[in-house]
Amino acid sequence: MQTNEASQESEIKQVIRSLCMMNNRFMNFMLDDNKEAAQVFLRVILGDDKIKVRNVRIQSFIQNIYGHSSQLDILAQDSKGRYFNVEVQRSDEGAPARRARFYSSILDTHFLQPGKLYEELPDTYVIFITENDVLHDNLPLYNIRRRIDENAKCFEDGSRIIYVNSQRRDDTALGKLMQDLYCTEPKNLHYQEFAERMEFLKYSKEGEEKMTDVIEEYAARKAEEAAKAVEEKMTDVIEEYAARKAEALAQEAAKEAAKEASEKAKARNIELAKDLLSEGESIERTVRLSKLSEAEVRELASKLTA
């Protein structure tokens, strides 16, 4: 038992060590209530060293009573009252243009309170960091703003959508940030604000416990879904770990069920054999009807006549 627990603990540690910020769950932990790290992200992506993050939170659920609600990966606010939603998307299907549009609109409906003037609507930025170049122009960054077709001037409504192509990992400030997104070791990170947090999460006892709880909770949920025959496509390291654990639990449950069924059937056959022998049936006929072996039937017969 201790060997199994030690093996599982070792496996979880390996999973934790292998995580990088392109895993959105790990990114959430890296930026959760970490204003300094979120500030680095926004300053580099927007090219503005004056951005000061006031607060940052992860997995913000925004309820829409009239339609589709959303859960935002990362939501930050700066000292000017601007809101920044950062989404990490490894799948191209997860970053369509209309999803960015929807996230931008849901921020607007959420942050303009009843009775407020439209001029009080805060500026919003929806930032998609994508694993692939989903807009296909080989640019490191795509700044998207509304404009007037007739004169090509920007229509300044305070909303911005930005796609960041993480494949462009050169020696620019943005390129180094993209390198850090795929880095698994704190010592190899370019930005110290990330290194300190990653060191804590991966190598401190408290950080490992926090990450282990998340991985175990996630794995347990996947295991329960597997027991109900619900299978999902596993796309990252944590999901791969959950799939292995789910399979092991399902196999163990199947073995236990088969064993229990076999024992019940054997018990019924024994009772049938006893009844047949008590009624004077022959050994041969009892073997045939009870499906027990001849040795088992003879042993029962000897006990009944003892």
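**Exercises on helix packing**

In helix α9 (residues 283-290), Ile283, Thr286 and Ser290 are buried, where buried means under 20% relative accessible area with a 1.4 Å probe, protein chains only. This is a predicted model, in which local features need pLDDT of at least 70, side-chain atom pairs count only at pLDDT 80 or more, and totals for chains, interfaces and linings use all residues. Residues are numbered from 1 along each chain as its sequence is written, and side-chain values use heavy atoms, with hydrogens and water left out.

**Exercise 1. The two sides of α9**

Work out why the buried residues are on the same side of α9.

*Solution.*
- Start with the general rule: an α-helix has 3.6 residues a turn, so residues three or four places apart point the same way.
- Ile283, Thr286 and Ser290 are the buried residues of α9.
- They cover an arc of only 65° around the axis, which puts them on the same side of α9. The arc is taken from the directions from the helix axis to the C-beta atoms.
- Turn to the other side of α9: Glu284 and Arg288 are exposed there, and exposed means over 50% relative accessible area.
- The buried residues pack against α8 (237-278) and α10 (294-305). Contact means heavy atoms within 4.5 Å.
- Just after α9, lysine 291 takes a positive phi of about 65°.

**Exercise 2. α2 against α6**

Describe how α2 and α6 pack.

*Solution.*
- Helix α2 covers residues 24-31, and helix α6 covers residues 192-203.
- Their angle is about 110°, and their axes are 9 Å apart. Angles run from 0 to 180 degrees between N-to-C directions, and axes are lines fitted to C-alpha atoms.
- That makes α2 roughly perpendicular to α6, a label for angles of 65 to 115 degrees.
- The crossing of α2 and α6 is right-handed: the near helix is turned clockwise from the far one by less than a right angle.
- From α2, Phe26, Phe29 and Met30 meet Phe194, Arg197, Met198, Leu201 and Lys202 of α6.
- Sort the residues of this contact: six are nonpolar, none polar and two charged.

**Exercise 3. α3 against α5**

Classify the packing of α3 and α5.

*Solution.*
- Helix α3 (residues 35-46) meets helix α5 (residues 173-181) at an angle of about 140°, with axes 9 Å apart.
- α3 and α5 are therefore oblique to each other. Oblique is what remains after under 35 degrees (roughly parallel), over 145 (roughly antiparallel) and 65 to 115 (roughly perpendicular).
- The crossing of α3 and α5 is left-handed, with the near helix turned anticlockwise.
- Phe41, Val44 and Ile45 in α3 touch Ala173, Leu174, Leu177 and Leu181 in α5.
- The residues of this contact are seven nonpolar, no polar and no charged.

Notes
Helix = DSSP H or I, 4+ residues; strand = E, 2+ residues; numbered from the N terminus. Nonpolar A, V, L, I, M, F, W, Y, C, P; charged D, E, K, R; others polar.
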